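Here's a quick tour of a protein chain for anyone meeting it for the first time. Keep the viewer open and follow along.

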Amino acid sequence: MQMMTRDVLLEMDQEEEDDDDGDIGDVAASKRPFLTPHPSRLGLDNLEQTAVSSFGVLESQPDFRTPEFEEFNGKPDSLFFNDGQRRIDFVLVYEDESRKETNKKGSNEKQRRKRRAYESNLICDGLHLEATRSILDDKLVFVKVHAPWEVLCTYAELMHIKLPLKPNDLKTRSSAFDNFSWFTKVLQVDESIIKPEQEFFTAPFEKNRLNDFYIQDRDTFFNPATRSRIVYFILSRIMYQVRDNVKKFGINKLLSSGIYKAAFPLHDCNFSHKSEDLSCPSERYLLYREWAHPRSIYKKQPLDLIRKYYGEKIGIYFAWLGYYTQMLLLAAVVGVACFLYGYFNQNNCTWSKEVCHPDIGGKIIMCPQCDQHCSFWNLNITCESSKKLCIFDSFGTLVFAVFMGIWVTLFLEFWKRRQAELEYEWDTVELQQEEQPRPEYEAQCTHVVINEITQEQERVPFTTWGKCVRITLCASAVLFWILLIIASVIGIIVYRLSVFIVFSTKLPETLNGTDSIQKYLTPQTATSITASLISFVIIMILNIIYEKVAIMITNFELPRTQTDYENSLTMKMFLFQFVNYYSSCFYIAFFKGKFVGYPGDPVYWLGKYRNEECDPGGCLLELTTQLTIIMGGKAIWNNIQEVLLPWVKNLIGRCRTVSRTEKITPRWEQDYHLQLMGKLGLFYEYLEMIIQFGFVTLFVASFPLAPLLALVNNILEIRVDAWKMTTQYRRMVPEKAQDIGAWQPIMQGIAILAVVTNAMIIAFTSDMIPRLVYYWSFSVPPYGNHTHYTMEGYINSTLSIFKVSDFKNQSKGNPDPKVVIPTTCRYRDFRNPPGHEQQYKHNIYYWHVIAAKLAFIIVMEHLIYSVKFFVSYTIPDVSKNTKSKIRREKYLTQKLLRENHLKDMTKNMGVIAKRMGEVVDNNLRPKLE
């Protein structure tokens, strides 16, 4: 095989020129990536020698070995070659260069020869290929790939794939909810339709221990997902060209250069009906019927079947999403209860009544909130917003914030236990030992170093200095984009400051005479809504751009394994998204209205724009508005991207094919016209949910209904994702995954930060602490005049007095000529009145409030962190039952292998003893005769 491959590649080297030097998939010919020594890998030299001896490649054969062309046999649901025996494990699609309508004959010939060399080397590696021309477009050719038994066994051993030894006879412990099976049966998937998977004891496959494994039928021993995974591993590492002592290899490289148009494993049937082949399990149809169909929205997910059909990586995502959605149910119930508490008690809100009262709020004249163009205004114009604020800024919000701090800990800890159970059930406990390096990493392994553990030579892609340079450049690029987001946030702030002036002058004139609209659409409200919409648009634009940048940075960083690659990309993308989505919320919650000065000496941004002020009731309502717009807009945008776009593309494709012919098309051609999800498709699904998780936890003190919105969205999200995977996308290559990867520590970090943010929102954004300080200290003597604790007079005590004659020319407002200019006006702060010996300095109320806020933050943080630590300590990550099962299975597996090994040794020793006896008898017999 080595000589055969070398002849093909050298011929390519002599006749072709290429312009894509140094791209992914290239490696020096003298430093072939597969020869990279690694403690957990078999040497590929041995593998090639095994392949040569197993498949009998003729080294003297000079020509390409091409796949056989066969006509479509008219069976649309067939998953086999035309002989009906060899299963199709993968499909490659290309456009026949001889039938292309183009004048670039030289380029077409180059592509054709690369593809022929690649396919020849696939055949030399033992794969079986069969080509069939398209029914609908005669330019398209489908190359069907089949891996025979010997190839599957060889690569299963190389990839350390765990396979069944014997059926698992361990008894499952009965659940405490078994007595309520009559109730939960409605939510379960019907076992007569989707039968439970049989469990096995497993071990990494070894060819020399073939008899130890549970092989009842060689055709079904490797399930379709495992077969596709092995074939994709081979496709990603087969070479096709050498130029300038550089070898090019891998199906990904050929796809990116357009030599192949697609590469994918097959769906087993049509999603809308079962396969005509009775031997086909029609798992896609079952998944659509019992999982993706809207009528199954109330049922639990068939996780075992999802894992079997799509692989562990997709299975663990849906398991996590389902568990997160279940936990949101409890949070949503408590959130709705707190919301209803605020809603039904808004009429008892004393300070809101004072704002709306014509003799209190109607007579309080507020100072202008901007320079030159703003006029004096009455407090009671904020009556409606103060009523809404009473719903969210209530005692129930405090209770809910404390509850969510504990809820997120319970969710993370119980998910770890569930994840450990799935690791055991799906046999991924020791997955890290199985994962192979990425072909792109292997392609760059040009430096030889000594492994500290094995003391053997191994190849790495760069030196320590080179790694430091790459990390520095990647970190600089990420920092640059984060600063770009911060710059966009500053731009939004400048917009707020400038447009508020316009709304303050133009809005009253525009809405003159329309009191019903003017009552709700104040300058503050209009500024907040428009700024939130613009912020959302900028977020989505920067999001699209940075996705491509983050992938480029991660490719340059060159992680070793696919898990390392996804974790690195995850951290970059989340760091960017965190700043992108949450920066505006952090600004409203913790910066807006906090550093404004007072009317006689306001604070200016960039020396020009006067800083924004909050409503007299605070910025909490504006934060709620911002969260609602971003969460709602994001959900709508994601649904458009995830549902409408693939559906419209497939609809257009179907219309084009129907308009040309109504012939019966084979399974591979039907799948080709579906959409490609891509390697990072699942990554974006995780990212969407983690961003939502941040909104639900970080700012929940301002919006108790966030868990309810997330719950509704997630119930739909599960079925939408299931629908598009089963109906709109090609089947993805099944991949192994032990857990949810870097998303777990990210959620833990969000959970820790959420305690701080919610405590600070209650302390600094809402008016809860000032109200409590007034109620317990300043409503009664020595600071107050009431004889009992009350909230009466709260508004008057929290609005400071300013003398209009003390205005500077720059900050002086533009009074309405029809209105008499007042001598004093009020503003939101705790300062001494004019005439006081320390006029316009902070008063004693201010220092009491600051002390109370700091004390509240410290007490709330320590209380919740203590409970979180206690909960984390008392709930083990792996349940005792699961630990016992893992140990028991490991013991029985080792015992089984040892017993089989002893049986083989005893059998071999018996054979040897028998032969030795025969030799001795043969030697002694002549002497006796």
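The buried residues of helix α13 are C383, E384, S385, S386, L389, C390, I391 and F392. Buried here means under 20% relative accessible area, while exposed means over 50% and partly exposed is in between (1.4 Å probe, protein chains only). With eight of its 10 residues buried, α13 (residues 383-392) is largely enclosed by the rest of the structure. Helices (H or I, at least four residues) and strands (E, at least two) are DSSP runs, numbered from the N terminus.

A word on ground rules: this is a predicted model, where local features need pLDDT of at least 70 and side-chain atom pairs count only at pLDDT 80 or more, while totals for chains, interfaces and linings use all residues. Residues are numbered from 1 along each chain as its sequence is written, and side-chain values use heavy atoms, with hydrogens and water left out.

**The chain as a whole**

Stepping back, the chain has 28 helices and 20 strands. Of its 929 residues, 51% are buried. Contacts (heavy atoms within 4.5 Å) often reach far along the sequence: among those between residues at least 6 apart, 79% join residues at least 24 apart. About 44,700 Å² of the chain is exposed, and carbon and sulfur atoms supply 57% of that. These areas come from the Shrake-Rupley method with a 1.4 Å probe; for residues, only the protein chains shown count as cover.

For a single example of a contact set, look at F69 in strand β2 (residues 68-69). Leaving aside residues up to four places away in sequence, F69 touches Y94, A131, R133 and V141. F69 and V141 are 72 residues apart along the chain, yet 9.5 Å separates their C-alpha atoms. F69 is partly exposed, since its relative accessible area is 47%.

**Salt bridges**

How many salt bridges does the structure hold? The count is 28, where a salt bridge is a side-chain nitrogen of Lys or Arg within 4 Å of a carboxyl oxygen of Asp or Glu. Here are three of them, with the distance between N and O.

| Pair | N to O distance |
|---|---|
| E95 and K261 | 4.0 Å |
| D671 and R667 | 3.2 Å |
| E685 and K724 | 2.4 Å |

Take E95 and K261: E95 lies in strand β3 (residues 90-95) and K261 in the loop between α8 (251-256) and β10 (262-264), so the pair ties together parts that are 166 residues apart in sequence. E95 counts as partly exposed because its relative accessibility is 21%, and K261 is partly exposed too, at 43%.

D671 and R667 tell a more local story: both lie in helix α21 (residues 667-672), four residues apart, or about one turn of the helix. An α-helix has 3.6 residues a turn, so residues three or four places apart point the same way. D671 and R667 are both buried.

E685 and K724 form a salt bridge at 2.4 Å, N to O. This pair links distant parts of the chain, with E685 in helix α22 (residues 681-698) and K724 in helix α23 (residues 706-728), 39 residues apart. E685 is buried at 4% relative accessibility, and K724 is buried at 2%. Elsewhere, E197, E283 and K308 are joined into one network by salt bridges that share partners.

**Backbone oddities**

Most residues other than glycine have a negative phi, and most peptide bonds are trans. S282 isn't a glycine, yet its phi is positive, at about 55 degrees. S282 sits in the loop between β10 and α9 (283-292) and is buried, with 2% relative accessibility. D427 also has a positive phi, near 65 degrees. You'll find D427 in the loop between α14 (395-425) and α15 (439-443), and D427 is buried, with a relative accessible area of 14%.

What kind of peptide bond joins P781 and P782? The bond is cis, with omega about 10 degrees. P782 is in the loop between α25 (768-778) and α26 (794-798).
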